[in-house]
Amino acid sequence: MTSTQSKKLSTLLTPNLSKLLLNEELDLNLVLTHKGMHNEQSINLYRFEPQTTMQLDSHHISFLLNDTGKLQGFVRLLPQYQSTEQRVAKDTALAITQKFLEVYSPDLLENYENKWIDVHDENIIINGKKITLTGMKVKCSDLNTGLYFWTIIAPDETVMVFERDIKWDFIRAGRQTQKWLHDSWLSKHL
């Protein structure tokens, strides 16, 4: 694990990845870089937070890139997505996902099946208080590989979460692939 306190998100991302963020999100600080494996593929995790040291379960933006810079996943767990009654319609969530994939993972559009679309919650802690963030999850399977991918679309119609190349264990009803973007997993594996 490498901890870095002096670099801003805006100086580290390619222009293509920067387009995933709002301007005010570009001022976050790099608090963690880590090399690891995503299934059998080498990856790099980059985590950005408002403060200069990593705080698990806080709001953050994280990117998971393979060695060629291909986006394997990212999260934008931000307080503005605190649960409200506002939801993106399921057909809108699917359309946003498809448009996102055209740019960031076009290979996933070649032969996939949408499994389901439904409301999904994530939790973060702000000032010692747990808050729930809510979006619309679009879960799909890549019919070429048998692996899963999904997005979670925020109420403002931006992509809040993207994960790809996830192996699913149907017997245990859970994923086998490492959970680099999940703080509960990171706390046990870093």
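Does Ser-141 count as buried or exposed, and at what relative accessibility? In this predicted model, Ser-141 counts as buried, because its relative accessibility is 5%, under the 20% cut-off.

**Figure 1. Surroundings of Ser-141 in strand β6.** Strand β6 spans residues 129–142 and includes Ser-141. Beyond four places in sequence, Ser-141 touches Asn-111, Tyr-112, Glu-113 and Lys-115. Leu-147, Tyr-148 and Phe-149 are also among its contacts. Lys-8 lies elsewhere: its C-alpha atom is separated from that of Ser-141 by 34 Å. Along the chain, Ser-141 and Lys-8 are 133 residues apart.

**Figure 2. The open sheet and its edges.** The sheet has 8 strands with antiparallel pairing. Their order is β1-β2-β3-β4-β8-β7-β6-β5. β1 (29–38) and β5 (112–126) stand at the edges. Each has a single partner strand, so one side of each is left without a neighbour in the sheet. From one strand to the next, the twist averages 20°.

**Figure 3. Pairing of β2 with β3.** The two strands pair in the antiparallel sense over 6 bridges. Leu-45 stands opposite Leu-64 in β3.

**Figure 4. The loop between β2 and β3, with Ser-58 and His-59.** β2 covers residues 41–49 and β3 covers 60–66. Ser-58 lies in the loop between them, and so does His-59. Ser-58 counts as buried because its relative accessibility is 7%. His-59 counts as buried at 19%; the cut-off is under 20%. Leaving out neighbours up to four places away, Ser-58 is in contact with Arg-47, Glu-49, Gln-51, Ile-124, Ile-125 and Asp-183. With the same exclusion, His-59 touches Glu-49, Pro-50, Leu-77, Leu-78, Pro-79, Ile-124, Ile-125 and Ile-126.

**Figure 5. Helix α3 across the sheet strands.** Helix α3 comprises residues 90–104. It lies across β4 (71–77), β5, β6, β7 (148–153) and β8 (159–166). The helix runs at about 95° to β5.

**Figure 6. Leu-20 in the largest nonpolar core.** This core has 49 residues. Leu-20, Phe-63, Leu-71 and Phe-100 have the most contacts inside it. Leu-20 is in contact with Phe-63, Leu-71 and Phe-100, among others, when neighbours within four places in sequence are left aside. Further contacts of Leu-20 are Phe-74, Arg-76 and Tyr-104. In soluble globular proteins, nonpolar side chains tend to be buried together.

Note on methods. Residues are numbered from 1 along each chain as its sequence is written. This is a predicted model: local features need pLDDT of at least 70, side-chain atom pairs count only at pLDDT 80 or more; totals for chains, interfaces and linings use all residues. Side-chain values use heavy atoms; hydrogens and water are left out. Helices (H or I, at least four residues) and strands (E, at least two) are DSSP runs, numbered from the N terminus. Buried means under 20% relative accessible area, exposed over 50%, partly exposed in between (1.4 Å probe, protein chains only). Contact means heavy atoms within 4.5 Å. A nonpolar core is a set of buried Ala, Val, Leu, Ile, Met, Phe, Trp, Tyr and Cys residues joined through side-chain atoms within 4.5 Å. Two strands pair if DSSP finds at least two bridges between them. Axes are lines fitted to C-alpha atoms, for helices over the stretch in contact, and angles run from 0 to 180 degrees between N-to-C directions.
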